[in-house]
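I opened this notebook to keep track of what I looked up, one topic at a time. The entries follow the order in which I went through the structure.

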Amino acid sequence: MGEFNIITWNINGCSTTKLKLHRMFKYAVGNKVAVILLQETRCSQKGWIKQNIDPLGMYCECIIESINSDTQCASSGVCIIIMKGYSISNISTVLDDNTINDKWVHPSSAEKSLGRVLAVKFSVSDQDYIVGNFYAPSDSKKSRRSFYLHYLRALSQFRDDNLIL
């Protein structure tokens, strides 16, 4: 079985924390982190992280983002970064709340939430993994529960895989 380290971080907005992100990459390299999960990126354009944080491709093998392009929504956006230097292959997105048909709808506001869910599948040493990155709403237990149940149902098709949430 392949071994790899994962870190997760609520970044609280990428555009204001470039120095923190550079430190994160330095930490990841120094601590042999293969996968980085970021929440609350607040990026309204895909590609911002690559263009502004790793423009030369020094650190990242692959950057997969799920964003909310609605500028009125200030707290969403998740990202999965696969670092260079690990035998990670066959990377593909298996769940992105921007592209699935059955989007979660907030129980009290009936608004659809985008840029809060991303799951990727990849192989390490001939072993497949699915890593999920979630940024749940924080307004109530009811909405968090509804959110997680909705996306756990969506991921149930992968229950026989190595699922890391």
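**Entry on a loop residue.** I began with Asp126, which counts as exposed because its relative accessibility is 81%, and exposed here means over 50%. This is a predicted model, and I keep that in mind for every value I write down. I then looked up where Asp126 sits, and found it in the loop between β6 (117-124) and β7 (127-134). I also checked its distance to Ile88: the two residues are 38 apart along the chain, and their C-alpha atoms are separated by 9.3 Å.

**Entry on the overall layout.** I next went through the elements of the protein, which has 3 helices and 8 strands, and noted that from the N terminus on they run β-α-β-α-β-β-β-β-β-α-β. The protein has 165 residues, and I recorded that 45% of them count as buried. For the accessible surface I wrote down about 9,100 Å², with 46% of it belonging to carbon and sulfur atoms. Looking at contacts with a separation of 6 or more, I found that residues 24 or more positions apart account for 67% of them.

**Entry on the cores.** Which residues have the most contacts inside the largest nonpolar core? I found that this core has 20 residues, and that the ones asked for are Met24, Phe25, Ile36, Leu38, Ile49 and Ile81. The elements that give two or more residues to this core are α1 (18-30), β2 (33-39), α2 (48-53), β3 (60-66) and β4 (78-83), and α1 gives the most, with 4 residues. I followed Phe25 further and, leaving out residues up to four places away in sequence, I listed Ile36, Ile53, Tyr59, Cys60, Ile81 and Met83 as the residues that Phe25 touches. Apart from this core lies another, of 16 residues, and I noted Ile64, Ile88, Val120 and Val124 among them.

**Entry on aromatic pairs.** I turned to the aromatic rings, for which the count comes to 6 pairs. The rings of Phe4 and Tyr129 have their centres 4.9 Å apart and their planes at 85 degrees, so I entered the pair as edge-to-face, since planes over 60 degrees apart are counted that way. This pair links distant parts of the chain, with Phe4 in the segment before β1 (5-10) and Tyr129 in strand β7, 125 residues apart. Are these two residues buried or exposed? Phe4 counts as buried, at 18% relative accessibility, and Tyr129 counts as buried as well, at 5%.

I then took up Phe147 and Tyr151, whose ring centres lie 5.2 Å apart with the planes at 65 degrees, so that this pair is edge-to-face too. Both residues belong to helix α3 (residues 141-155), and because they are 4 residues apart there, about one helical turn separates them. Phe147 is buried, with a relative accessible area of 0%, and I wrote down 0% for Tyr151 also, which is buried. Ring pairs link Phe147 and Tyr151 with Phe134 and Tyr148 into a cluster.

**Entry on the surface.** Tyr148 came up again when I looked at the surface, where Tyr148, Leu152, Leu163 and Leu165 form a nonpolar patch with about 350 Å² of accessible area together. I located Leu165 in the segment after β8 (162-164), and Leu165 is exposed because its relative accessible area is 54%, with the cut-off for exposed at over 50%.

Technical notes: Residues are numbered from 1 along each chain as its sequence is written. This is a predicted model: local features need pLDDT of at least 70, side-chain atom pairs count only at pLDDT 80 or more; totals for chains, interfaces and linings use all residues. Side-chain values use heavy atoms; hydrogens and water are left out. A nonpolar core is a set of buried Ala, Val, Leu, Ile, Met, Phe, Trp, Tyr and Cys residues joined through side-chain atoms within 4.5 Å. Buried means under 20% relative accessible area, exposed over 50%, partly exposed in between (1.4 Å probe, protein chains only). Contact means heavy atoms within 4.5 Å. Patches are made of residues with over 30% relative accessible area and no salt bridge: like charges are joined within 9 Å, nonpolar side chains (Val, Leu, Ile, Met, Phe, Trp, Tyr) within 5 Å. Accessible areas come from the Shrake-Rupley method with a 1.4 Å probe; for residues, only the protein chains shown count as cover. A salt bridge is a side-chain nitrogen of Lys or Arg within 4 Å of a carboxyl oxygen of Asp or Glu. Rings of Phe, Tyr and Trp (its six-membered ring) pair if their centres lie within 6.5 Å; planes under 30 degrees apart count as stacked, over 60 as edge-to-face and the rest as tilted.
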